[in-house]
Structure formats: structure tokens, C-alpha cells
Amino acid sequence: MAVHLVALVAAPAARRAAVLGRGELWVGTLDAVPDRVEALEAVDPGGDAVRFVWWAAGVDAHAAVARGARLSRCWDVAEAHRLIVGGWEATPQSAWATAHRLDRSRLPAASRGDLFDFSPTGHEPGPGGVVRADGYLAPEGGTAHWRPDDQTLLAWAQAALDCAARQEELLAQTGPRAVAAAHSESAAALLCVELARDGLPLDRARAEQLITEAAGPRPDSDAHAREIRAARDRVVLEQVPGHERTDLRNPVQVKELLASAGVDVPNTRKWVLEPFRETSGVVAALLDWRKAERIATTYGWGWLETHVGADDRLRGGWTACDGAAGRMTAQNGLHNLPTSLRPAVAAHPGHVFVRADLGQIEPRVLAAVSGDAALAAATRADDLYAPVAASLGVERPVAKVAVLAAMYGQRSGAAGEALKGLERAYPVAMGFLDRAYAAGLRREPMRTFGGRLIPLDTVLADVTVDGSREGRAEDVVAVPDPGRGTAGDTGRDSGRDSGRDSGRDAARGRFARNAVIQGSAAELFKAWAATVRATTRDLGAQIVLCLHDELLVHVPQEHAELTQQRVEQALTDSARRWTGSTAVRFVADASVISRWSEAKG
DNA sequence: GATTTCACGTA
DNA sequence: CGTACGTGAAATCC
């Protein structure tokens, strides 16, 4: 089957779009786009297919998706660019320059629209063109207020086709999976537009009930809101007479409040205060207050009002990859909704959810990306930690901690003995992790299994260490592992450094080690999601949530079982395609539920 | 007004 | 048992 590239580009400010390729040369209104693309999707029922090429799904596919068009294959230039160079910046001009091997640091500046704007350099494209004489793409193209004429929009479409073809060449040289990764990353970008359109089905009454329980009734005035807030505060403040004026939202004042009650703490974070919960009434009240305050401020009445539509769907923006390793992100609480609110996430009448999550995804991904045959053999088990524990001669919980420590931790401490066992049993996987850590120390960029660049030399050279982890990061310096000469602190960068990594260097090493696993897992997840999207659409199924290793699919209840089967089959198929073999087994726990809270955790 | 710090939710 | 992200309130910077 041949797949033909067809450009679909839009200029939203001009309310026009263009379709170019496969004999099609069309410019028209945004409203007319769905008919054009669906006609192209439908051609050659027994033979060829099309792959739509666009600069970025959020711009070029938005109008088609908003009007209900059903798109299948695509090439998203921005997502392909993010694979090639890492990070998140991905304008058409930048992607074009990279694809054409032009210096990306010398992009022509965008016009400012003022008197100083008119400073021709002799490179500007002629009328109806978008490519400059110096080879760069015109800076105006694709900007928010751009209003090209029809000929220019067609040139913009041609440029997208050209750019995609060159990206494919680059990716084919990057590695054996990079072109396939571009396909699934592109599908994820399209899925993101659909996720933003469709939203997450909610039971509004249940949401209101849960919010009321945590944050009080819906206030009917500002005064009422202040009253409810004061009542919530009072429960804590009355525990410490004489401190009724403390601002509980001010950490400094809270620290003083606790000190006056005999609780001396360096900060007032939950994990610091938790040990005092049993013995201190004010601490217990404060922690309960924090929980309620979180719901009230972040997931309360304002949130419901702002982000949940009249159709009882929670909506937020989605991105197909973050700036670090390539996970999907979502806004408005879609990715961090407290579990206590999950009962409110409910299938709508006549529908159910098929919920599925990938089991033990990260060690299984480690087996695949490292090519460790012994660890791959362990993935045959439903519970990977069982055969690992047997190999090491330890209890399962010890094996689990050891594996997680090897992948993310400081490789020392309590799990030390078991770690040595891992070195013997899975030397290929452990060596892979060591090399990732060492590459991080040396600021050498890495690539995920699918070929996404993980830059460690520029943006991420300054890894920020979260405040709550600072102590642990410094432990790496204070207590280097005596048991093993890690690749990190021995000699490899001995030229300038004395050999002992700083806390910051160690953080970068951990980041690198984490990013190749987390990023590769994100790629498999998106390949899975893209396959589910493609293979369940005929059942009326909608993917309504993607949560790193978990999918929530909203489907008419008569198709529940079939959808579940296809979700499971999709994992088998996409994992085989992604790894190129069946050596590593991936497992999904899938079930049919009505409320998200019914999922077994 | 923009940025940073603190805190905490999810995976 | 580490990493990543998004959000809000208050403090801080300019």
C-alpha cells in the first residue's frame, strides 16, 4: 500500500486553509476543510492511503478537528522537529532550518509591524512565496496574525511537504525507529487536539458533592466566600490560643505558629509535618486544612465553573511532549486531579469507560532499550519482580526497591546488596543505566529508544533540584557509594574536575538516566494510544484521558468488551512494532468501569 | 507586573 | 525511589 503525502495547512487569522498533494490543489475557507480531507481519506478503498502533513496539529488541524473531521495518518513537522533536536521550541522556521541544515541560531527576525519593520535585506521571498533567497523560511509564516493570499498559502503548504520529506531523511539516519516515532508522535499531537475538543466526562452533581464536602458550599457572594474561608481557618487556629491572626497561607507564619505549639521544623512541608500528626493536634488540623484548601483553591467551585462545560466535560490544553523526555502534558487538573475527586469522573449515559494502564512499564522498557536478554526473559512474567527476586535470592519487595533504585536512585544505601545481585544478573541493563548517568555528567546529549534527543549540554545543563530533594542530592556527595566504582565519579571527566561530582552534576546524571527510560516509555505509550485511537474509532470510542501509562476510553456500553479487547491487542501490536520483536512482553491491566474511582489501584 | 519561593497534586 | 509536569498564594524583584 502506498501512502501519499498531502499538505493541510491553515491561516486561522485569514480563516483559510490549503490542501496540496495527490493531484489536489485547493484553497478555501476553514468551514470547507472537513469535506476536503474526508474526501481524501476516503479515496482508494482497497489501495492507497494519505498522510496529512502539517506544521503543527494545533494550528493546521484545529479547524478540521473542531468541525468533526476524522483524520487518520499525519506528519506533524513540529513534533518531528522536537524528536530531532530535543526540547520544546518548534516554530515552522526553526523546523525548516534544521531540516535544511541551516544554522538555527541565525533565523531571520520576525517583523515587528512598526516603522523600523521595513528593512529589506534582499533575501525576502517574492510575491506568493515563503522561502527566502538565503534558504530560510520567511519569518511571518504561521504567526498568529498572518494573512497570506491564496498563492502564498499554497507555497506554505508546499514548504510543509518539502520540510517533512527532509525531516524523514534526517530521522531515517538517526536510527531504525525514528521515522516510526515521528508517525506516532504526530498521531499523539492530533490526539491532543481531539482531547482538548472532547474533554473528560464528568458527573457534575457528584463533583459538586465532593467539592462541598471538602471546601464548603458554593459561595453566593464574596462575603460568603470569606466567611467559609474564615470558618475553615478557625478549625486550625483555635488549636493555638493567642495566634488567631496567623495567616495559614503564609509558610513563615505557619512555622512560627507551630513553634509556639512546640513543633520545631525547618519547613512546613507535608512530609516534614506528617510524623507530628499523631502527637500534635495543630499539625493534624493543619494537614487536614491543607487538603481542603487545595480542593477549595485549585479544584473547587471556580475550577468547575471555568473548566467544565455545559456538556459536563472537563477541558484543558494538551501537549504531545514536554520539554524534557517527551511525556504528554495537560492543563486544568487533567493530570493531577486528586484521587479524592475521581468518583466525579464518570461515563455519560449509555456509555462506559474502558480503563487500561501499562503494568511495570519502566523496567520492561529498560529491558527493551538496553537489549538485556535476561531482563527480557523476566518480562514474560505477569509480575516482573517475581523472577527478578528469584534470580537475586531475595524477597519480592527487596527486588522491587533494588530495580527502582537502579533506574532512578543514587545506587547506594539500603538496597546495596540487592543492587550487586542486579549487576550480576542483568549486567547489560545495569551497564546501560551507568552509561546514561555518565553521559549526563559529561553533558553529552542522549537519545531515547525512538530517537528523541535528550539535550544535556544546553537547557538542561542547569538541572534544578527541587527543594524537597536537596538534602538527598547532597547525600550523593557526602556519602559516595563505596561498593561500586560508578561510571559517574571515576575518571571519565577527570580532566578538569577533581573527580568528585557535585550535587548538581549528580542531579544531571540522574536526570539523564531517568529521561531515557521515562522518554522511551512515553514513546511506547503514545504508539499504543495512537493504535487504540485508530482501531476503536469505528466503535464510537473516544480517548478522553492520557495519563503517562494510563488510558481512559469513553465508549457506548454495547461496545465495551470489544473495545477492551482492541485496547489489549493494540498494546501487543504497538509493542511488537516498537521493539521490533516479541522478546520483551508488555502487559496492560484493562477493565470496564463507569467511574474512574472504580479502577483498582 | 513579572519572577521566584513554597507547597502539593498526578504518573 | 528518582524524575517530570501544572496550579495557586504569597513574597520578592524590578
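Begin at the start of helix α3, where a side-chain oxygen of aspartate 76 reaches to within 3.1 Å of the backbone nitrogen of alanine 78. This pair is listed as a polar contact, that is, a pair of N or O atoms within 3.5 Å; within protein, one atom must be able to donate a hydrogen and the other to accept it, and residues adjacent in sequence count only if both atoms are side-chain atoms. Helices (DSSP runs of H or I, at least four residues) and strands (runs of E, at least two) are numbered from the N terminus.

Before moving on, note that this is a predicted model, in which local features need pLDDT of at least 70 and side-chain atom pairs count only at pLDDT 80 or more, while totals for chains, interfaces and linings use all residues. Residues are numbered from 1 along each chain as its sequence is written, chains are lettered from A and ligands numbered from 1 in the order in which they are written, and side-chain values use heavy atoms, with hydrogens and water left out.

**Helix α3 and its end**

Select residues 77–85, which form α3; nine of its nine residues are buried, where buried means under 20% relative accessible area, exposed over 50%, and partly exposed in between, with a 1.4 Å probe and protein chains only. The buried residues include Glu79, His81 and Arg82 as well as Val77, Leu83 and Ile84. Just after α3, glycine 86 takes a positive phi of about 75°.

**Strand β4 and its partners**

Now select residues 49–54, strand β4, in which six of six residues are buried. Ala49, Arg51 and Val53 point one way from the strand, whereas Val50, Phe52 and Trp54 point the other way.

Which strands does β4 pair with? Strand β1 (residues 3–11) runs parallel to β4 and is joined to it by five bridges, and strand β5 (residues 74–76) also pairs with β4 in the parallel sense, over three bridges; two strands pair if DSSP finds at least two bridges between them. To see individual pairs, display alanine 7, whose bridge partner in β4 is valine 53, and then phenylalanine 52, whose bridge partner in β5 is cysteine 74.

Add helix α2 (residues 57–66) to the selection, and β4, α2 and β5 together make a right-handed β-α-β unit. Right-handed here means that, with the strands pointing away from the viewer, the path from the first strand over the helix to the second runs clockwise.

**Two arginines in loops**

Go next to arginine 15, in the loop between β1 and β2 (16–21), and then to arginine 22, in the loop between β2 and β3 (24–29). Arginine 15 has a positive phi of about 55° although it is not a glycine, and arginine 22 likewise has a positive phi of about 55°. Are these residues buried, exposed or partly exposed? Arginine 15 counts as partly exposed because its relative accessibility is 48%, and arginine 22 counts as partly exposed at 34%.

**The nonpolar cores**

Select Val388, Leu422, Trp528 and Phe586, which touch the most other members of the largest nonpolar core, a set of 123 residues. Helix α20 (residues 503–536) gives the most to this core, with 11 residues. A nonpolar core is a set of buried Ala, Val, Leu, Ile, Met, Phe, Trp, Tyr and Cys residues joined through side-chain atoms within 4.5 Å. Apart from this core lies another, of 35 residues, among them Ile84, Ala155, Ala164 and Val179.

Alanine 155 is worth a separate view: its place is in helix α5 (residues 150–174), and it counts as buried because its relative accessible area is 19%. Glycine 129 is 26 residues away from alanine 155 in sequence, and the two are 5.7 Å apart from C-alpha to C-alpha.

**Along DNA strand B**

Finally, display DNA strand B, which 17 residues surround, the closest being Thr268, Lys270, Arg290, Arg342 and Asp549. Sugar and phosphate account for 80% of the atoms of DNA strand B that come within 4 Å of the protein. A polar backbone atom of lysine 270 is 2.7 Å from a phosphate oxygen of DNA strand B, and an N or O atom in the side chain of arginine 342 is 2.9 Å from a phosphate oxygen of that strand. At asparagine 336, by contrast, look for a base nitrogen of DNA strand B, which is 3.1 Å from an N or O atom in the side chain.

Technical notes
Near = heavy atom within 4 Å.
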